[in-house]
Structure formats: structure tokens, C-alpha cells
Amino acid sequence: MNKEIDVRHVLPAVRVPTLILRGSEDTLVPPEVAQYMASRIPAARVVEIPGIGHLNFGEPGSMLVGSEIERFVTDVWEAGGWEEAEPDRMLATVLFTDIVGSTAKAVQLGDRGWRELLERHHALIRRELVRFRGAELDVAGDGFFARFDGPARAVRCACAITETVRELGLDIRAGLHTGECEVMDGKVGGIAVHIGARVAKEAQPGEVLVSSTVKDLVAGSGLRFRERGSAKLKGVTEEWRLYAVEPAG
């Protein structure tokens, strides 16, 4: 029964010190299986115990297994391995957008008309995210949250979205920031995401606004910017210099 349970997809989620023991005479579990598990579980250790087979808990196997476990636990304890591990982090560019005057538009169109307009708005943004290889992370009402692994593509995507939604008679605000983000369950968070959201709040209708970090990273890309001065972003201690993306042409 256990052989039919596929646990490969959960191995990277293991976040505790892990010891993988295998007997050198084990004919049921080949060595490559133990190595595969260790390669998928962060910081796992593989130990092969000589002279014992599968589930050999008799003498001298039990003594050897016990010694390896004691050695592993001692090493982990002395290294501080029981402390909470540093969360996974990645460098990403985050994009936030929202519709300008959405409440007034919803009142004007009524529930059904507003819902249909939102569906068209969402479809246009998702098309541009696919085109520029962005990852949609969340949608809250009329606001999108996405991430990119390249800041220049993120800026161009934001500009394309801004132009495209005008076909629907809409203006959006867009804000971008690049920074190191915490990764949890495939989503990103942390102060970099918070800054990105605050940059978007500072954008004018129809404007793509970026932090100074994004502007510096895309130097040489052909993108042009207009300085918008410094801003005190809510919840962030220091001031940030912000730049509006100039239209191409």
C-alpha cells in the first residue's frame, strides 16, 4: 500500500532537519531513491549503514541505526538547527494595478454592466501577463498583483496594460518595485511587496510609476522616465524617489 503513495511533490515542503537512513544491503530501496529524496528535501542528510538490510532492527542493526540518529540530533542541536530557518527569498519585480474611479463607474453601469466590464478588464490584463511572462498572484476587486523575474519586462507589461484598458474606457494606476521577497506557497511577500503597493497608490490616472530601484535596474533598456520627486510611502520609514514611465516614441 505504501508503495502506491506518491509523496514526491511534498518533499520540498519539508522544513525540519531530516536524516535519511538506508542499509547497504537493502534490496527494496535502491541508493538512488535515497539520494533523490535528499535532493528534494532542503538540507537533508543521507547515511548508508553498512551490513544491514531493509527495516533491520535486530542486532547489530538497531545499535547502528541508534548511533546514527544520536549523531545527527547532536550535530543539529550544536549547529542551532532547531531554530526557525530563514524563509525562502527571491529577487522579483512586483506590479500592482487598480482602476481609477472604479466606484463611480460601477454605480454608472450597475451590477451586471460592471461585472461584464471587469471580466473584460481581467481578460486583457491576463493576456498581457502571458505576453510578458508575468505571474498573476492575486486579484482583489479591480486590482491586480503580479510578479516578474525581469524589471524591464514588468515595466513594458504595465505600459501595455495601461494602453490596452483604455479600449474599455478605463484608466488604471500602475506601480512597480524590485526587491528581495519572501516566498511562501508560491506567492511573494515582505517589505518589497509593501513598497510596490505603496508606489501604485502614488500613481496618477493612466500613469506607470516605478521606484528608483526599478529605474536603476533597467538602465540601457531604452525605457525613459520622468522624475516625480520623493515620496514618503505609508508604512515605510525612508523616503523613495519615484519615476513615471514616459510613453514610447
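This tour moves from the whole chain to one sheet region, then to a buried leucine and a surface patch.

The model is predicted, so local features require pLDDT of at least 70 and side-chain atom pairs count only at pLDDT 80 or more, while totals for chains, interfaces and linings use all residues. Residues are numbered from 1 along each chain as its sequence is written, and side-chain values use heavy atoms, with hydrogens and water left out.

**Whole chain.** Display the full chain as a cartoon: six helices and ten strands are present (DSSP runs numbered from the N terminus, helices being H or I of at least four residues and strands E of at least two). Of its 249 residues, 39% count as buried (under 20% relative accessible area with a 1.4 Å probe, protein chains only; exposed is over 50%, and partly exposed lies in between). About 14800 Å² of the chain is exposed, and carbon and sulfur atoms supply 53% of that area (accessible areas come from the Shrake-Rupley method with a 1.4 Å probe; for residues, only the protein chains shown count as cover). Among contacts with a separation of 6 or more, 66% join residues 24 or more positions apart (a contact means heavy atoms within 4.5 Å).

**Strand β6.** Next, select residues 172–184, which form strand β6. Two strands pair if DSSP finds at least two bridges between them.

- Strand β3 (residues 89–99) runs antiparallel to β6 and is joined to it by eleven bridges; select Asp98 to find it opposite Arg173 in β6.
- Strand β8 (residues 208–211) runs parallel to β6, with three bridges between them; here Gly175 stands opposite Leu209.
- Strand β7 (residues 187–189) is antiparallel to β6 and also has three bridges to it; Met184 faces Lys187 across this pairing.

**Leu118.** Move to helix α3, residues 102–131, and select Leu118 within it. Is this residue buried or exposed? Leu118 counts as buried because its relative accessibility is 15%. Beyond its neighbours within four places in sequence, Leu118 contacts Ile99, Gly141 and Asp142. A distance drawn between the C-alpha atoms of Leu118 and Gly141 reads 8.4 Å, although the two residues are 23 apart along the chain.

**Leu21 and its patch.** Finally, select Leu21 in strand β1, residues 19–23. With a relative accessible area of 31%, Leu21 is partly exposed. Add Ile69 and Val73 to the selection: with Leu21 they form a nonpolar surface patch, whose accessible area is about 210 Å² together.

Notes
Patches are made of residues with over 30% relative accessible area and no salt bridge: like charges are joined within 9 Å, nonpolar side chains (Val, Leu, Ile, Met, Phe, Trp, Tyr) within 5 Å. A salt bridge is a side-chain nitrogen of Lys or Arg within 4 Å of a carboxyl oxygen of Asp or Glu.
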